[in-house]
Amino acid sequence: MNAPTELRAAPATLDLAAIKLRQQATWASGDYAVIGTTLQIVGENLAEAADVRAGERVLDVAAGNGNATLAAARRFAEVTSTDYVGPLLDKAADRARAEGLSVRFQVADVEALPFADGHFDAALSTFGAMFAPDHERTASELLRVVRPGGRIGIAAWTPEGFIGRLFRVISAHVPPPAGLRSPVKWGDEPYLAELFGAHAEDIECARRTFNFRYRSPAHWIEVFRNYYGPTHKAFAALDEAGQARLHADLTALLESMNVGGADSLVVPGEYVEAVITRH
């Protein structure tokens, strides 16, 4: 079977190249590794869901600081870890070296992967591929580089969950480019079927929860304002009064979703764990 052809294109009115440069600057700001390491359990669960096996060739796309990368390498897979922000991969490489894991790291854009058709047995992405601006091109590239019968494992925040609500709060203060689709659409099962269904033998989706555990709403805002690119950039784009309003709205969101009681912060973050098996 030939590799899938490119899927329906993104809206032509968007300057995707400019948006991508802006996104790269966003994710290079702060220090995502501080946030990313707390999400390691998601990578472990995704590697299990995708049935990653020893000796398989596995690609981690938009790998960030390498949660799915490490999970696959711990299962003795031959892992190639990619991201379009080199310093994030440097953090992932540090983690791999600390564990004595053999991983190939390569700067690469998920929308233009520099690999042959069908080269990998599986491709994984934990909260990474979902942020690429051209959703169809991203899905097409993931399908292209995975062999027939191979698997694509995706973890994506849902529109209804905490991160979906967080992005709506941020967008109310710092609007995204007009026409740009929200990354949390990847956390909607029918949308994944639209992106991958024509080239999928099977799509299995499960709703999962990652609990954000912090000392308080103020502690969460401090950490995410300093280290999480989208929040870091949002605060930087606002004047002092705007920052105060954003801080207040974030506090209200966190307080409304806190299940940890008055003395701590535990906010359930819903995400979709999807495994797509390629035709």
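Here is a walk through the nonpolar cores and the enclosed cavities of this structure, which is a predicted model.

Let's start with the packing. The largest nonpolar core takes in 65 residues, and the members that touch the most others are Ile154, Trp157, Phe162, Trp186, Phe196, Phe212 and Trp220. Pick Trp220 and look around: leaving aside residues up to four places away in sequence, Trp220 is in contact with Phe162, Leu166, Phe212, Tyr214, Leu254 and Leu265. Apart from the largest core there is another one, made of 16 residues, including Ala50, Ala68, Leu70 and Ala96.

Now for the empty space. Rolling a probe the size of a water molecule over the atoms reveals where it is left. Here, two cavities come out at 30 Å³ or more.

The largest cavity holds about 290 Å³ of space. Its lining counts 26 residues, and the ones nearest the centre are Ala62, Asp83, Tyr84, Phe127 and Gly128. If you want a secondary-structure landmark, go to helix α1 (residues 16–28), which gives the most to this lining, with three residues. The chemistry of the wall is mixed: 15 nonpolar residues, seven polar and four charged.

The second largest cavity has a volume of about 70 Å³. What sort of residues line it, by class? The lining has 11 nonpolar residues, with no polar and no charged ones. They are Trp27, Tyr32, Ile35, Leu39, Phe127, Phe131, Trp157, Ile163, Phe212, Phe224 and Tyr228. A few of these names have come up before: Trp157 and Phe212 are among the residues touching the most other members of the largest core, and Phe127 is one of those nearest the centre of the largest cavity.

Methods. Residues numbered from 1 in each chain as written. Predicted model: local features only at pLDDT ≥ 70, side-chain atom pairs only at ≥ 80, totals over all residues. Heavy atoms only, no water. Core = buried A, V, L, I, M, F, W, Y, C linked by side-chain atoms within 4.5 Å. Buried < 20%, exposed > 50% of the residue type's maximum accessible area, 1.4 Å probe, protein only. Contact = heavy atoms within 4.5 Å. 1 Å grid on protein atoms, 1.4 Å probe; cavity = no way out; pocket = protein on both sides within 12 Å on 5 of 7 lines; lining within 4 Å. Points joined across faces, edges and corners; volume = space filled by probe spheres on them. Helix = DSSP H or I, 4+ residues; strand = E, 2+ residues; numbered from the N terminus. Nonpolar A, V, L, I, M, F, W, Y, C, P; charged D, E, K, R; others polar.
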